[in-house]
Amino acid sequence: IWKKLFRGKLETGLLKDALFTYKTESVYDECLLVAQKIMERVRNGARFKDFSVVCTDTTVYANVIGSVFERCGIPCYLSGTEDILDKPVIATVIAALEAVLGGYEQEDMLRYIRSMFSTLSLEQCDKIENYTAIWEISGKKWLTSWSNHPQGLADKWTERNTQELEELNRLRIQIIEPLHRLHGSLLDAISVAEQVRAVYGFLDELNIAKQLAVVSERLYKEQQDRQAQIFGQLWEILVEALEQLYDAIGNLHWDPEAFTRLLKLLI
């Protein structure tokens, strides 16, 4: 199979039971389709190690694949050069900082809720993304209660629609409250030390250390020792970067945007 994969057009039907290609309008949809195909085959007796996923650009696909596969319970090893800023834990923190400093723009917010440690399930992310796309939710709209129909332009409201909207607003609050507190703490901070404490407060509110422990324990049980070690290393890198900022320039005053740029550079 591999000898023929990148050598021009494949003969029709030659690999119909072994090779599947996906192309959609979004990287996320492609990764989700791949995950669904893998889970379908695994339920029918295949093993996870029987599959290889090939993509054109790991910098574009790696973070999304990692997030989708993690939420679907699919263990994976990513081969190739990877940007540490796209790795779980660190990606969640950077996405949160960019979302609050960008004024809760839709793209930034969706990148945050799709990150591994945002506290939302895959299904909940889909519901939020659909609603925000339909009603163009961005900026201050995240801070006020949503009242539009969950299905878009519709005149009729059913009890189910009302329940859907209530759930969406519960998820909105779950998403926005920690971010809004982080935003306020960053704006009130008069030194880098206080900005570091603001980030620590956000990590503590999301209970990321405990989430990491749960994920690492599961990986060790699945004999994925290397992946479990990577999660621990990422946490140590993030904490060390914050501690270095606190110790080295904690008494200086930097605006939140400059603080975020420096944190990314240091990581």
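This note comments on the helices of a predicted model and on three of the contacts between them.

1. Overall composition. The secondary structure of the protein chain comprises 11 helices and zero strands. Read from the N terminus, the order of elements is accordingly α-α-α-α-α-α-α-α-α-α-α. The C-alpha trace of the chain spans about 65 × 55 × 35 Å along its principal axes.

2. Helix α7. This helix covers residues 159-188, a run of 30 residues. From its first C-alpha to its last, α7 reaches 43 Å, which is close to the 44 Å expected at 1.5 Å a residue. The helix nevertheless has a kink of about 30 degrees at Ile176. The proline Pro178 follows shortly after that position.

3. Contact of α5 with α7. Helix α5 takes in residues 106-113, and its axis comes within 12 Å of that of α7. The two axes cross at roughly 105 degrees. Angles of 65 to 115 degrees count as roughly perpendicular, and α5 and α7 are therefore assigned to that class. On the α5 side the contact is made by Met109, Tyr112 and Ile113, and on the α7 side by Ile175, Ile176 and Leu179. By class, the contact has six nonpolar, no polar and no charged residues. Ile176 thus appears in this contact and is also the site of the kink in α7.

4. Contact of α2 with α3. Helix α2 (residues 27-43) and helix α3 (residues 58-72) have axes that come within 9 Å, with a crossing angle of roughly 40 degrees. The pair is therefore oblique, and the crossing is right-handed. From α2, the participants are Val27, Tyr28, Glu30, Cys31, Leu32, Val34, Ala35, Ile38 and Met39. These residues meet Val60, Tyr61, Val64, Ile65, Val68, Phe69 and Cys72 of α3. The contact has 15 nonpolar residues, no polar residues and one charged residue.

5. Contact of α4 with α11. Helix α4 (residues 90-101) packs with helix α11 (residues 256-266) at an angle of about 160 degrees, and the axes are 11 Å apart. Because angles over 145 degrees count as roughly antiparallel, α4 and α11 are described in that way. The crossing of the two helices is left-handed. Ile94, Leu97, Glu98 and Leu101 in α4 meet Pro256, Glu257, Thr260, Leu263 and Lys264 in α11. The residues of this contact divide into five nonpolar, one polar and three charged.

6. Orientation in summary. The three pairs are described as roughly perpendicular for α5 and α7, oblique for α2 and α3, and roughly antiparallel for α4 and α11. As to residue class, charged residues are absent from the contact of α5 with α7, whereas the contact of α4 with α11 includes three.

Definitions and conventions. Residues numbered from 1 in each chain as written. Predicted model: local features only at pLDDT ≥ 70, side-chain atom pairs only at ≥ 80, totals over all residues. Heavy atoms only, no water. Helix = DSSP H or I, 4+ residues; strand = E, 2+ residues; numbered from the N terminus. Expected span 1.5 Å × (residues − 1). Bend = angle between axes of the 7 residues up to and from the residue. Axes fitted to C-alpha atoms, helices over the stretch in contact; angles between N-to-C directions. Parallel < 35°, antiparallel > 145°, perpendicular 65-115°, else oblique. Left-handed = near helix turned anticlockwise from the far one by under 90°. Contact = heavy atoms within 4.5 Å. Nonpolar A, V, L, I, M, F, W, Y, C, P; charged D, E, K, R; others polar.
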